[in-house]
Amino acid sequence: MTAGPVVIIGAGHAGFQLAMSLRQHGFSERIALLNDEGHLPYQRPPLSKAYLKGTGGPDSLMFRPEKFYADQKIELISDRAMSIDRAARKVLLGSGRSLDYGHLVLATGARNRLLDIPNANLDSVRYLRTLDDSQSLRDYISPGQRVIVIGAGFIGLEFAATARAKGLEVDVIELAPRVMARAVTAEISEYFQSRHTSAGIRIHFGVQVTGIESDGSKVTGVSLSDGRHIGADLIVVGIGVLPNVELAAEAGLKVAAGIVVDAHLLTTDPDISAIGDCALYDSPRFGGSLRLESVQNATDHARCVAARLTGDVKPYDGLPWFWSDQGPDKLQMVGLTTGYDRVVVRGDRAQGAFSVFCYKAGQLLGIESVNRAGDHMFGRRLLAANGSITPEQAADPGFDLKSALS
């Protein structure tokens, strides 16, 4: 059991879940949740989809109303952590205040990777990560505008689909040869490329933006590495994120491609943990180190640390799963498919409802599902139990997946 107050830096999915889980586990000491955004803690996934598309206000995104924090005695502090004094176990804040901690949890998340070319700081070059980003874009876009999306990853394609549905002309620029190339199989890429193209989105592969053209104040278009020019009124950049490790590094904690933590999510200081998008953790399940960006990873990390701080000490063993809503299609993924050597398609691609089962040496690594929620839930149960089915069983439409769970 941890003695003394718990200070949590970051009020995204990981930080919020940790504060809530600590109280659910009976932790009775002080909890301070540092939030450096001007909103109550909120959900991020709808920002590039439903919230951007809709008319609802910010309240629709909040995890809980303000009263919840008062009722649970969670101190929600609107301030920024500037430095950590590990010897004194204090966090210095931007306001000049300091907070004492018995245990400190870094849930500092990640930030957008910025485009590093001239004119990238113009007002009509936008990013999408925070509620303010989404609100600003929602107010900015209107039918008939020409938008260029740089990057055909999840965020870029989610935004592209939403913008196209709202009547914008959309071009997507992607250096890789297919959409979501680092994250999904070619079978999934091909399906989504076809869906986006048939919706009127133009996708340009194997090129990059080399220059942003402007009239001095606004974007007028881009020049591409193959010599072409495309006109635009707006550019939305989705070229990945960088974990926020600086606070940890300045405090002398070990960092690499994230804040380095062990299988219990502890840093090199036994009084400090790191969770969520910023954490590079030792994974007994997969072997080696992982840093994942997902709601599942953030919330399961938080639950693991809350249990440890209240006496239930176990290594983190969460099974990764992800989702992406793009237009009318829902993509759900479970497991990590790096290194797969065989895929089996189950379902009907032509009908827009199928799953790709990914194997390595005959062992199921993960499942990517399009509009097949049942397959996804099956995969979550099977893989969490370290189970598998054969490629032949996956390929047989008559095989009852549930029979493999008994």
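F16 sits out of the solvent in this predicted model: the residue is buried, with a relative accessible area of just 4%. Its ring has a partner in F63, and the two form a stacked aromatic pair, 4.5 Å centre to centre with 10° between the planes. Since F16 belongs to helix α1 (residues 13–24) and F63 to the loop between α2 (50–53) and α3 (66–71), the pair ties together parts that are 47 residues apart in sequence. F63 is buried too, at a relative accessible area of 15%, which falls under the 20% cut-off.

A second pair turns up with F68 and Y69, and this one is edge-to-face: the centres are 5.3 Å apart and the planes make an angle of 85°. Both F68 and Y69 are buried. Put the four rings together and F16, F63, F68 and Y69 make up one aromatic cluster. Across the whole structure there are eight aromatic pairs.

Now for the overall picture. The chain folds into ten helices and 26 strands. Its radius of gyration is 22 Å, close to the 22 Å that the globule rule gives for 406 residues, so the protein is as compact as a globular protein of that length. The C-alpha trace spans about 60 × 60 × 35 Å along the principal axes. Counting contacts with a separation of 6 or more, 60% are between residues 24 or more positions apart.

As for burial and surface, 52% of the 406 residues count as buried. The protein exposes about 17,400 Å², with carbon and sulfur atoms supplying 50% of that area. There are 42 positive and 45 negative charges, and their mean positions lie 3 Å apart.

A few single residues deserve a closer look. Q145 is placed in the loop between α4 (131–140) and β10 (146–150). Despite that loop setting, Q145 counts as buried, at 14% relative accessibility. Setting aside neighbours within four places in sequence, Q145 is in contact with Y140, L168, E169 and D233.

H376, by contrast, is a helix residue, found in α9 (residues 373–384). H376 is buried, with a relative accessible area of 1%. Again leaving out neighbours within four places in sequence, the contacts of H376 are W321, F322, Q332, M333, V334 and S369.

The backbone has its own points of interest. Most residues other than glycine have a negative phi. L265 goes the other way, with a positive phi of about 70° although it is not a glycine. The residue is part of the loop between β18 (259–261) and β19 (272–274), and at 0% relative accessibility L265 counts as buried.

N371 is another case: its phi is near 55°, again a positive value in a residue other than glycine. N371 lies in the loop between β26 (363–370) and α9, the helix that holds H376. With a relative accessible area of 32%, N371 is partly exposed, whereas L265 is buried.

Key. Residues are numbered from 1 along each chain as its sequence is written. This is a predicted model: local features need pLDDT of at least 70, side-chain atom pairs count only at pLDDT 80 or more; totals for chains, interfaces and linings use all residues. Side-chain values use heavy atoms; hydrogens and water are left out. Helices (H or I, at least four residues) and strands (E, at least two) are DSSP runs, numbered from the N terminus. The radius of gyration is taken over C-alpha atoms; the globule rule is 2.2 Å times the number of residues to the power 0.38. Buried means under 20% relative accessible area, exposed over 50%, partly exposed in between (1.4 Å probe, protein chains only). Contact means heavy atoms within 4.5 Å. Accessible areas come from the Shrake-Rupley method with a 1.4 Å probe; for residues, only the protein chains shown count as cover. Lys and Arg count as positive and Asp and Glu as negative; His and the chain ends are not counted. The place of a charge is taken as NZ of Lys, CZ of Arg, CG of Asp or CD of Glu. Rings of Phe, Tyr and Trp (its six-membered ring) pair if their centres lie within 6.5 Å; planes under 30 degrees apart count as stacked, over 60 as edge-to-face and the rest as tilted.
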